[in-house]
Amino acid sequence: MTNLIYISLIGLVSGIVGTGLGGLGVLFLKNIRTKILGILLGFSGGIMTVIVFLDLIPEAKLEGNIYTSILGLVSGVILIALMDIYFPHQHLNL
C-alpha cells in the first residue's frame with residue numbers, strides 16, 4: 001500500500017469518527033446556550049487557523065515556493081468568498 005493511500009485512509013477514518021462523535025454530541029446537547037455555542041465555534045475556528053498557519057502553509061512552501069503558496073492561499077480565499085456571495089445559504093440566529 002502506498003503512502004498516499006495509507007494517509008488518505010487515515011484521513012477518511014478520522015473524519016468519519018470525528019463527525020460521528022460530533023453528531024452524537026448534538027443528540028445529548030439539544031438545548032445548548034448561544035454563549036456556549038459561540039465559545040465552541042470560536043474554539044474550532046482557532047484550531048483551524050492554527051493548522052493552516054503552522055502546518056499547511058509551511059508544507060506548501062516546502063513542496064513549491066513562496067509564490068505558489070501565496071497564489072494558492074489567495075485563490076482559496078477568493079473561491080470561498082465567491083461561494084459565500086453566490087450560493088444561497090442562511091445564517092440562523094438561535
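This tour proceeds through a predicted model, one selection at a time.

**First stop: the two helices**

Begin by selecting residues 3-28, which form helix α1, and then residues 34-63, which form helix α2. Each of these helices supplies at least two residues of a nonpolar patch on the surface. Colouring them separately will help at the stops that follow.

**Second stop: the nonpolar surface patch**

Select Val-13, Val-17, Leu-21, Leu-24, Leu-27, Phe-28, Leu-29, Ile-32, Ile-36 and Leu-40, and display their surface. Together these residues make a nonpolar patch of about 970 Å². Which helix gives the most to the patch? The answer is α1, with 6 residues.

Next, select Ile-36 alone; this member of the patch lies in helix α2. Is Ile-36 buried, partly exposed or exposed? Its relative accessible area is 33%. Ile-36 is therefore classed as partly exposed, because that class lies between the limit of 20% for buried residues and the limit of 50% for exposed ones.

**Third stop: the largest pocket**

Now select Gly-22, Gly-25, Val-26, Leu-29, Ile-32, Leu-37, Leu-40 and Leu-41, the residues that line the largest pocket. Two or more residues of this lining come from α1, and two or more from α2. The pocket has a volume of about 290 Å³. What classes of residue make up its lining? There are 6 nonpolar and 2 polar residues, and no charged ones.

Keep Leu-29, Ile-32 and Leu-40 highlighted for a moment. These residues are among those that line the largest pocket, and they also belong to the nonpolar patch.

**Fourth stop: along helix α2**

Select Ile-47, which is found in helix α2. Ile-47 is partly exposed, with a relative accessible area of 39%. Add Pro-88 to the selection and draw a line between the two C-alpha atoms: Ile-47 and Pro-88 are 27 Å apart in space and 41 residues apart in sequence.

Move on to Ile-51, also in helix α2. At a relative accessible area of 42%, Ile-51 is partly exposed. Its C-alpha atom is separated by 16 Å from that of Gly-72, a residue 21 positions away along the chain.

**Final stop: Ala-60**

Finish with Ala-60, again in helix α2. Ala-60 counts as partly exposed, at 31% relative accessibility. How far apart are the C-alpha atoms of Ala-60 and Thr-19? They are separated by 26 Å, while the two residues are 41 residues apart along the chain.

Methods:
Residues are numbered from 1 along each chain as its sequence is written. This is a predicted model: local features need pLDDT of at least 70, side-chain atom pairs count only at pLDDT 80 or more; totals for chains, interfaces and linings use all residues. Side-chain values use heavy atoms; hydrogens and water are left out. Patches are made of residues with over 30% relative accessible area and no salt bridge: like charges are joined within 9 Å, nonpolar side chains (Val, Leu, Ile, Met, Phe, Trp, Tyr) within 5 Å. Accessible areas come from the Shrake-Rupley method with a 1.4 Å probe; for residues, only the protein chains shown count as cover. A salt bridge is a side-chain nitrogen of Lys or Arg within 4 Å of a carboxyl oxygen of Asp or Glu. Helices (H or I, at least four residues) and strands (E, at least two) are DSSP runs, numbered from the N terminus. Buried means under 20% relative accessible area, exposed over 50%, partly exposed in between (1.4 Å probe, protein chains only). On a 1 Å grid over the protein atoms alone, a cavity is a set of points where a 1.4 Å probe fits but cannot get out, and a pocket is an open set with protein on both sides within 12 Å along at least five of seven lines; lining residues have an atom within 4 Å of a point. Grid points are joined across faces, edges and corners, and a volume is the space filled by probe spheres set on the points. Ala, Val, Leu, Ile, Met, Phe, Trp, Tyr, Cys and Pro count as nonpolar, Asp, Glu, Lys and Arg as charged, and the others, Gly among them, as polar.
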